[in-house]
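Trainee: Could we go through the helix packing in this model and set each term against the value behind it?
Mentor: Yes, let us take the terms one after another.

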Amino acid sequence: MDDALAFSALVLALSGQLVQEIHARVSQQGFEDLRPAHGFAFARISLGDTTTADLAEHLGVTKQAAAQLVEELVRKGYVVRHPHPHDARARLLGLTEAGWAATRAADQAARAAVAPWREALGEARFSELVADLTRLTPPGPIRPAW
């Protein structure tokens, strides 16, 4: 396998493992009604100034699919809609306290999920890997600012 294919396969495998691990840990913390897609939505909504259209773009789905996801999260008590200050047709999305609690649980789960990787690589190499991946990550609303 050439390096490009190996890199792609390895990043995808680690990504899938990370998503599954975070989801399992979040579920164990009492959020059994959430799916991984909800976590990706929370990541965008938590930044503020997010509409359903923004969420659709972030998730790579249609506006209709994003609207269905938002409706589900509203019904479950994780998300609220607020009037948009500049667009009467749009609504801004916000996390409820339950949504913030799930987000904190996911943050804790992410730290725990990568702890074995940090241990295997050592602090210095792990920090270098984070720096390398940061350089490769496309700009966008959830790219870390560090």
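**Helix packing, term by term**

Mentor: In this predicted model, Leu14, Gln17, Leu18, Glu21, Ile22, Arg25 and Val26 of α1 meet Ala105, Ala106, Ala109, Ala110, Ala112, Ala113, Val114 and Trp117 of α5. By class, this contact of α1 with α5 has 12 nonpolar, one polar and two charged residues.

Trainee: Why are α1 and α5 called oblique to each other?

Mentor: Helix α1 (residues 3–28) and α5 pack at an angle of about 130°, with their axes 8 Å apart. Roughly perpendicular covers 65 to 115 degrees and roughly antiparallel requires over 145, so α1 and α5, at about 130°, count as oblique. The crossing in which α1 passes α5 is right-handed.

Trainee: What makes α3 and α4 roughly perpendicular to each other?

Mentor: The angle at which α3 and α4 pack is about 110°, their axes being 8 Å apart; since roughly perpendicular spans 65 to 115 degrees, the term applies to α3 and α4. Thr52, Ala53, Leu55, Ala56 and Leu59 of α3 make this contact with Lys63, Ala66, Ala67, Leu69 and Val70 of α4, and by class the contact has eight nonpolar, one polar and one charged residues.

Trainee: How do you know that the buried residues of α2 are on the same side of the helix?

Mentor: In α2 (residues 36–45), the residues that are buried, with under 20% relative accessible area, are His38, Ala41, Phe42, Arg44 and Ile45. These residues cover an arc of only 160° around the axis, and therefore they are on the same side of α2.

Trainee: What covers the buried residues of α2?

Mentor: The covering elements include α3 (52–59), α4 (63–75), β1 (79–83), β2 (91–95) and α5 (97–121).

Conventions:
Residues numbered from 1 in each chain as written. Predicted model: local features only at pLDDT ≥ 70, side-chain atom pairs only at ≥ 80, totals over all residues. Heavy atoms only, no water. Buried < 20%, exposed > 50% of the residue type's maximum accessible area, 1.4 Å probe, protein only. Helix = DSSP H or I, 4+ residues; strand = E, 2+ residues; numbered from the N terminus. Arc of directions from axis to C-beta. Contact = heavy atoms within 4.5 Å. Axes fitted to C-alpha atoms, helices over the stretch in contact; angles between N-to-C directions. Left-handed = near helix turned anticlockwise from the far one by under 90°. Nonpolar A, V, L, I, M, F, W, Y, C, P; charged D, E, K, R; others polar. Parallel < 35°, antiparallel > 145°, perpendicular 65-115°, else oblique.
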